[in-house]
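Please open the model in a viewer and keep the selection panel at hand. The tour below proceeds stop by stop, naming what to select and what is found there.

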Amino acid sequence: MKLSWKTFLLWSLPIMVISFFLWQGFLAPTNNDLQSNVASSRMTYGRFLEYLDMGWVKRVDMYDNGHTAIVEAVGPELGNRVQKIRVELPASVPELIVKLKKANVDLDAHPTKNTTAIWNLVGNLLFPLFLIAGLAFLFRRSNNPTSGPGQAMSFGKSKALFQMEAKTGVVFDDVAGIDEAKEEFEEVVTFLKQPESFTAVGARIPKGVLLVGPPGTGKTLLAKAIAGEANVPFFSISGSEFVEMFVGVGASRVRDLFKKAKENAPCIIFIDEIDAVGRQRGTGVGGGNDEREQTLNQLLTEMDGFEGNTGIIVIAATNRADILDSALLRPGRFDRQVAVEVPDFKGRSAILDVHARNKKLDKSVSLSIIARRTPGFSGADLANLLNEAAILTARKRKQTITLNEIDASIDRVVAGMEGTPLIDSKSKRLIAYHEIGHAIVGTLLKDHDPVQKVTLIPRGQAKGLTWFTPSEDQSLISRSQIKARIMGALGGRAAEEIVFGDAEVTTGASNDLQQVTSMARQMVTKFGMSNIGPLSLESEEANPFLGRGMGASSEYSDEVAIKIDKQIQAIVQECHDKAIEIIQDNRVIIDRLVDLLIEKETIDGEQFRQIISEYTPIPEKRMYANV
Ligand code: ADP
Ligand code: MG
Ligand code: ZN
């Protein structure tokens with residue numbers, strides 16, 4: 001049923017009328033004593049006082065907050081029979097009451113009924129109003145496409161289907177650290193500004209560019225910057241907004257979007273999360289989605305439907321190009337792909353530079369130190385980091401952001417909220433040994449990342465944390481580096497075993513063991529780093545719609561499976577032995593460091609190394625060289 005104003009009025013009028021009478025019947029029985037106690041004659045207050053003095057007044061009933069009285073009096077003037085007379089009383093009656101008491105007059109006050117009458121009136125007026133408002137609310141709700149079941153009502157209606165920004169206000173200077181991607185687009189900007197220079201030589205500018213990269217790397221920002229640089233309008237819509245419950249809505253939105261864009265050419269159309277509509281068709285898992293396919297077809301049709309040089313450039317963003325329908329990637333559609341990667345050290349410095357522009361950083365803060373500490377951070381993470389630091393600074397009522405606040409923010413972004421430190425107890429001591437175990441093994445291995453700090457202040461799920469300064473280049477990792485990491489990860493459990501004994505080890509190492517197992521397994525099945533040989537035993541061609549584990553296929557016999565398990569065990573065994581050895585050999589240092597850690601709760605890397613070096617030489621880290 002389509003709910004229109006006509007039906008609405010049709011229904012609401014009788015409801016209103018009926019409810020009005022119900023209301024009257026239930027709630028407004030106007031039983032007003034004053035009215036039923038009608039006195040036909042009246043007298044003035046002065047005369048009433050005279051009557052009172054004469055002793056003719058028998059009884060007084062007060063009404064209306066003491067403003068009105070019905071007086072029963074007997075007197076010669078009244079024909080010597082009791083009569084009811086109405087008297088209007090002046091505001092203050094206390095003296096009157098005293099008087100009445102003295103004269104021994106029967107006095108009664110009746111609670112005022114007048115206010116109830118007013119409320120009745122107000123209620124009578126308001127109730128239908130509430131009813132109308134309520135109905136109107138329901139009516140509007142059912143017309144709002146964003147709210148649940150009412151969606152049917154909005155069928156085919158176009159609300160704000162896409163955003164249009166006449167001026168994005170973003171320029172290339174606001175985008176940092178992804179220079180290659182930016183260069184790709186400089187040409188596009190030139191085209192949007194002066195298409196003649198291209199058309200004159202018969203060049204065809206790509207209609208569609210696909211930005212591929214992890215979340216938060218600046219894809220949306222870059223698209224906006226292109227529009228901003230070229231000074232053209234920016235139309236944007238997200239793929240997930242296309243996919244509606246009702247067939248045909250997505251397609252009509254695509255049509256609308258392109259129609260509006262053509263009217264405003266030259267311009268940029270930005271489709272975020274294009275994978276929501278642009279997934280490979282017919283992948284079957286979970287059933288086909290006709291609506292999505294229709295939307296996709298419409299999108300393809302629209303992209304084919306305008307000439308390359310009309311001045312519309314469609315930019316789409318996704319974090320997985322691998323699942324896109326191949327039809328989307330054909331020439332004339334999104335035939336150009338631009339990768340937007342997580343920034344490297346230089347990129348991070350540049351992004352920090354951009355976001356530090358409007359922040360009051362202390363002179364002592366060096367952005368390159370922050371960049372060094374944040375490998376793997378995306379542009380959005382870095383922006384968030386500086387913002388967190390600024391908030392923290394404001395909370396501390398400081399004038400400028402110092403490295404302290406930035407460090408605290410990094411820790412928070414990486415490991416979660418800070419908890420309250422444990423009180424001194426056996427478990428605190430055990431955690432201290434566990435963390436120092438990680439830290440000392442990590443420090444004494446040449447191929448391990450250096451310790452940045454050890455702390456007993458809980459964060460997120462962790463009760464204590466050992467931070468390592470990661471090396472910049474995480475893409476090529478050597479066998480000895482992986483092994484060093486496994487040993488370091490086992491250092492915590494090893495310390496527990498040596499110090500407290502096998503019976504006392506805790507569940508605290510479960511996360512470490514998970515990582516250890518995963519690293520050892522990958523060494524064997526993926527990196528060819530065991531004596532099974534350089535074989536890739538687990539293909540990573542996982543079906544993106546099945547989830548990671550499920551789609552991975554094993555390409556080996558049961559015999560090999562047994563070998564794999566043996567190899568994994570051997571690697572872990574070897575690394576565990578090595579970790580135990582390091583702990584045993586350095587027990588004196590460990591005890592001293594644990595005492596210090598329990599006292600101070602945090603030891604930074606410098607101090608940590610300084611103490612260790614008093615006892616034993618620390619191998620020079622290979623990592624330092626290339627950072
Ligand atoms: P994506 O679309 O790739 O998920 P966004 O463009 O929405 O990422 O980035 C979110 C925010 O993070 C931006 O508004 C910006 O403040 C910041 N940001 C991300 N990447 C960069 C970058 N390369 N340079 C500057 N700021 C960035
Ligand atoms: Mg985005
Ligand atoms: Zn641990």
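Helices here are DSSP runs of H or I with at least four residues, numbered from the N terminus. The model is a predicted one.

**Whole chain.** Display the protein chain in full: its secondary structure amounts to 24 helices and 14 strands. Of its 627 residues, 42% count as buried. The chain exposes about 33400 Å², of which carbon and sulfur atoms supply 54%. Among contacts between residues at least 6 apart in sequence, 73% join residues at least 24 apart.

**Helix α3.** Select residues 45-54, which form helix α3. Y45 and F48 lie three residues apart in this helix and are therefore separated by about one helical turn. An α-helix has 3.6 residues a turn, so residues three or four places apart point the same way. A search of the whole structure finds four aromatic pairs. One of them is Y45 with F48, a tilted pair with 6.3 Å from centre to centre and 35° between the planes. Y45 is partly exposed, with a relative accessible area of 23%, whereas F48 is buried at 0% relative accessibility. Add Y51 and W56 to the selection: their ring centres are 5.2 Å apart and their planes stand at 85°, so this pair is edge-to-face. Y51 counts as buried, at 3% relative accessibility.

**G379.** Move next to helix α15, residues 379-395, where G379 is found. With a relative accessibility of 12%, G379 counts as buried. Leaving aside residues up to four places away in sequence, G379 touches G216, T217, P343 and I351. Measuring to V175, 204 residues apart along the chain, gives a C-alpha separation of 9.1 Å.

**The zinc ion.** Select ligand 3 together with H434, H438 and D512. Which atoms coordinate the zinc ion? They are NE2 of H434, NE2 of H438 and OD of D512, at 2.1 Å. Along the chain, these donors follow the spacing H-x3-H-x73-D. H434 belongs to helix α17 (residues 426-444) and D512 to helix α19 (residues 510-525), so the pair ties together parts that are 78 residues apart in sequence. Both H434 and D512 are buried.

**Helix α23.** Finish at residues 605-613, helix α23, whose buried residues are G605, F608, R609, I611 and I612. These residues cover an arc of only 160° around the axis, which puts them on the same side of α23. At the start of α23, a side-chain oxygen of D604 comes within 3.0 Å of the backbone nitrogen of E606.

Conventions
Residues are numbered from 1 along each chain as its sequence is written. Chains are lettered from A and ligands numbered from 1 in the order in which they are written. This is a predicted model: local features need pLDDT of at least 70, side-chain atom pairs count only at pLDDT 80 or more; totals for chains, interfaces and linings use all residues. Side-chain values use heavy atoms; hydrogens and water are left out. Donors are N, O and S atoms within 2.8 Å of the metal (3.2 Å for Na, K and Ca); water is not among the atoms, so sites may look incomplete. Helices (H or I, at least four residues) and strands (E, at least two) are DSSP runs, numbered from the N terminus. Buried means under 20% relative accessible area, exposed over 50%, partly exposed in between (1.4 Å probe, protein chains only). The arc is that of the directions from the helix axis to the C-beta atoms. A polar contact is a pair of N or O atoms within 3.5 Å; within protein, one must be able to donate a hydrogen and the other to accept it, and residues adjacent in sequence count only if both atoms are side-chain atoms. Contact means heavy atoms within 4.5 Å. Accessible areas come from the Shrake-Rupley method with a 1.4 Å probe; for residues, only the protein chains shown count as cover. Rings of Phe, Tyr and Trp (its six-membered ring) pair if their centres lie within 6.5 Å; planes under 30 degrees apart count as stacked, over 60 as edge-to-face and the rest as tilted.
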